[in-house]
Amino acid sequence: MTKTARRTAPRIALALLPAVLSIFAGCATPPKPRELEAYDLLRKSANLQDASKKSPDLVAGAEKMADRSREEWQSNDLEESRRDAIMANIKLKTALALSEQEQLKAKIQTLSAQQAKAEEEASDLSEKLANENEKLVLLQKYVEARKTAEADKQRLSAQMTNEQQKAQADHERLALQLASEQKIAAAQLALRTADTVDASKFAKAEYSAASDMLAKASAELQQNDYAGAQASAEVAKKNADKATEMAKPLYEQAEQASQNKARDEALARDASAISGADVRLERRGDLQRLVIAVPELFSKRKPEIANGHDAVIDAIAQLIKKYPTYPVQIIGYTDNRGKASELLAISAARAQSVYSALASKGVETKRLMASGLGGDDPRFDNKTAPGRAKNNRIEIVFLYH
């Protein structure tokens, strides 16, 4: 390696170091929430042991909430981790404040006892000492002791008051923060509910307003503007609820249309599987129909179904029962040979025979309508025998909604 290469290699390594560190950083656990760090620092308090004795439930509760917060932090559930760390801080600070209050009360009682003792000593010495000078000295000591005790008492009382006020202020701030986070969570839930009815499509304005206000509430919370965060979160939830209300009927209509389409397609597939039947889709104005044409069910001009057609009747009955939401028409047709009135009567009798056969297979008759149209609407050439045979047919018509 040349001198130039040896000088260049370290520089390249240093230039690549940030990229390598960035790759490793992407897989690391997220930074510990500041609320959890505050709790860990609070646990180092010198009064923790005494607080554990005096308020074991509060300290245990705080530790339990902190453990839960650490688990949520490790699981990347940062919002839940911060919330539980806040509650752990509140509990531990309350326990420490109660402990410090008890200590301050004990000190005051000690000083009061010392003061009483000093007063008793001064009284005894006043009676025993005849020398006025010694009385004066004892009196001065008594006065000084009383002044000192009173000053210490006032100082400790002031200190206790300040600690209580500080603890109360911290409690109120944390309570406001928690309330803000709860309102934001409620708005987030309302927005997710709106997503279930595709509100971003069917109520776009209201959904967008809710999303914008939710983002604003989160930003205000980061800036410790708890009042603003709560107000924005409430507006976000209101807009999300309105978006859900507006989108739901439109979403349900779209879903119903999609389900109807899928059902119609399934009906067409199942109908096409019936052996010996000809299936077609027709649209007449706004009405769409699925027509199953079954030829050659009857012998010559007879209205009764000929033997050997049970399989196709069974298949049609099963199809009608499988799709119970469709009204069904049974229409009889003939070829064009004969008088129109006779052909009409034959076709109607044939339709009635199929009606009765389907009813015997368990099909609800209230869904069925039977009629005959004689030689009308031929589908094949009546000049040929095969064409006439196919025109002598029964059509099972499913009416689409």
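**View 1. D198, a partly exposed residue in the loop between helix 6 and helix 7.** With a relative accessibility of 29%, D198 counts as partly exposed. This close-up, like the others here, comes from a predicted model. D198 sits in the loop that links helix 6 to helix 7 (199-202). Take a look at the backbone too: the phi of D198 is positive, at about 55°, although D198 is not a glycine.

**View 2. N76, a non-glycine residue with a positive phi.** Here the frame moves to the loop between helix 4 and helix 5, where N76 is placed. N76 is not a glycine, and yet its phi is positive, at about 70°.

**View 3. Helix 2 against helix 4.** Helix 2 covers residues 34-42 and helix 4 covers residues 56-74; the two pack at an angle of about 140°, and their axes are 11 Å apart. That angle makes helix 2 oblique to helix 4. If you are checking handedness, the crossing of helix 2 and helix 4 is left-handed. On the helix 2 side, the residues that meet helix 4 are L36, Y39 and D40. Their partners in helix 4 are A62, E63, A66, S69, R70 and W73. Sorted by class, the contact of helix 2 with helix 4 holds five nonpolar residues, one polar residue and three charged residues.

**View 4. The buried face of helix 2.** Staying with helix 2, this view picks out its buried residues: E35, L36, Y39, D40 and L42. Looking down the axis of helix 2, these buried residues fall within an arc of 160°, so they line one face of the helix. L36, Y39 and D40 will be familiar from the previous view, as they also meet residues of helix 4.

**View 5. S81, a buried serine in helix 5.** S81 has its place in helix 5, which spans residues 78-128. Its relative accessibility is 0%, so S81 counts as buried. What is S81 in contact with, once neighbours within four places in sequence are left aside? The partners to look for are P33, S69, E72 and W73. Two of these names may ring a bell: S69 and W73 of helix 4 also meet helix 2.

**View 6. Helix 8 alongside helix 9.** Helix 8 (residues 204-222) packs with helix 9 at an angle of about 160°, with the two axes 8 Å apart. Helix 8 and helix 9 are therefore roughly antiparallel to each other. Their crossing is left-handed. From helix 8, the contact is made by E206, Y207, A209, A210, M213, L214, K216, A217, E220 and L221. Helix 9 answers with Y226, G228, A229, S232, A233, V235, A236, N239, A240, K242, A243 and M246. By class, the contact of helix 8 with helix 9 divides into 15 nonpolar, three polar and four charged residues.

**View 7. S232, a buried residue of helix 9.** Let us zoom in on one member of the contact between helix 8 and helix 9, namely S232. S232 is found in helix 9, which runs over residues 226-272. Is S232 buried or exposed? With a relative accessible area of 4%, S232 is buried. Setting aside neighbours within four places in sequence, S232 is in contact with M213, K216, A217 and E220. These four residues are among those that helix 8 brings to its contact with helix 9.

**View 8. A167 and K147 in helix 6.** Helix 6 covers residues 132-195 and includes A167. A167 has a relative accessibility of 25%, so it counts as partly exposed. Although A167 and T94 are 73 residues apart along the chain, their C-alpha atoms are separated by 7.1 Å. K147 is also found in helix 6. This lysine is exposed, with a relative accessible area of 53%. From C-alpha to C-alpha, K147 and Q115 are 9.5 Å apart, with their positions 32 residues apart in sequence numbering.

**View 9. K54 in helix 3 and its contacts.** Helix 3 spans residues 48-54, and K54 belongs to it. At a relative accessibility of 44%, K54 counts as partly exposed. Which residues does K54 touch, not counting those up to four places away in sequence? They are S99 and E102. For a sense of scale, K54 and T365 are 311 residues apart in sequence, and their C-alpha atoms are 81 Å apart in space.

Note on methods
Residues numbered from 1 in each chain as written. Predicted model: local features only at pLDDT ≥ 70, side-chain atom pairs only at ≥ 80, totals over all residues. Heavy atoms only, no water. Axes fitted to C-alpha atoms, helices over the stretch in contact; angles between N-to-C directions. Parallel < 35°, antiparallel > 145°, perpendicular 65-115°, else oblique. Left-handed = near helix turned anticlockwise from the far one by under 90°. Contact = heavy atoms within 4.5 Å. Nonpolar A, V, L, I, M, F, W, Y, C, P; charged D, E, K, R; others polar. Buried < 20%, exposed > 50% of the residue type's maximum accessible area, 1.4 Å probe, protein only. Arc of directions from axis to C-beta.
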